[in-house]
Amino acid sequence: MTAALFSRGKGRRAVTAACAVSLGLVALSACDKPTPLATVTVGSDTVTAEASDGCYGDGKDLSSAKFKSCLSATPEKTIKVAAGEKVRIGVDPEIADSSWGLIANNPVMAEASKETYRSFDSDTLFAKQNPQTGQTTLEKKVTITIAELGKSSQGVKGIWRFTLERDS
């Protein structure tokens, strides 16, 4: 009788294991493919993010409407920056292969980059110029946008956004 109970328990464990594997595969098939990552590092602090939901075209340019909604989305990641610190931006090689740009209050990069890593002076990122007077002020908080450039001159394949806060 003990042998009969042992074999039934063994069968239950096998069925339970098979169900767990099946449920795991179903759960994985429902997941979205992760987007390439963008990273912001200040000193020893680092934040990394995927593109916001729907803000990565997986090799295709975003529609104009999607691009606009991605630009108005609130960034999920924030990092503090002390005056005069360097802000280091890193992107996955997939983004660099397409080329990318960075925008803060003003366009920061003169031309697109194919590098996976760039460094910026924090004062440049926080600077905001008044279009009427030409006077430049430093903001307390700025949203930076990393854009993977698309195939056309106006196209964008993906958007990553971060908030930088002055630590003063």
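User: Hi! Let's start with Lys80: what is its relative accessible area, and how does that class it?
Analyst: Happy to help! In this predicted model, Lys80 has a relative accessible area of 46%, so Lys80 counts as partly exposed.

User: Which residue does Lys80 form a salt bridge with?
Analyst: The partner is Glu165, and the closest N and O atoms of the two are 3.0 Å apart. Lys80 sits in strand 3 (residues 77–81) and Glu165 in strand 10 (residues 156–166), so this pair links distant parts of the chain, 85 residues apart.

User: Nice. Which other side chain meets Glu165 in a salt bridge?
Analyst: That would be Lys141, at 3.9 Å from N to O. Lys141 belongs to strand 9 (residues 141–149) and Glu165 to strand 10, so their contact ties together parts that are 24 residues apart in sequence.

User: Which residues do the shared partners join into one network?
Analyst: Lys80, Lys141 and Glu165 are joined that way.

User: Switching topic: what about Arg166, which side chain does it meet in a salt bridge?
Analyst: Arg166 meets Asp123, with 3.6 Å between N and O. This pair also links distant parts of the chain: Arg166 is in strand 10 and Asp123 in helix 4 (residues 122–126), 43 residues apart.

User: And is Arg166 buried or exposed?
Analyst: Arg166 counts as buried, because its relative accessibility is 19% and the cut-off for buried is under 20%. Asp123, at 28%, counts as partly exposed.

User: Last one: how many salt bridges does a search of the whole structure find?
Analyst: The search finds four. Among them are Lys80 with Glu165, Arg166 with Asp123 and Glu165 with Lys141.

Definitions and conventions. Residues are numbered from 1 along each chain as its sequence is written. This is a predicted model: local features need pLDDT of at least 70, side-chain atom pairs count only at pLDDT 80 or more; totals for chains, interfaces and linings use all residues. Side-chain values use heavy atoms; hydrogens and water are left out. Helices (H or I, at least four residues) and strands (E, at least two) are DSSP runs, numbered from the N terminus. Buried means under 20% relative accessible area, exposed over 50%, partly exposed in between (1.4 Å probe, protein chains only).
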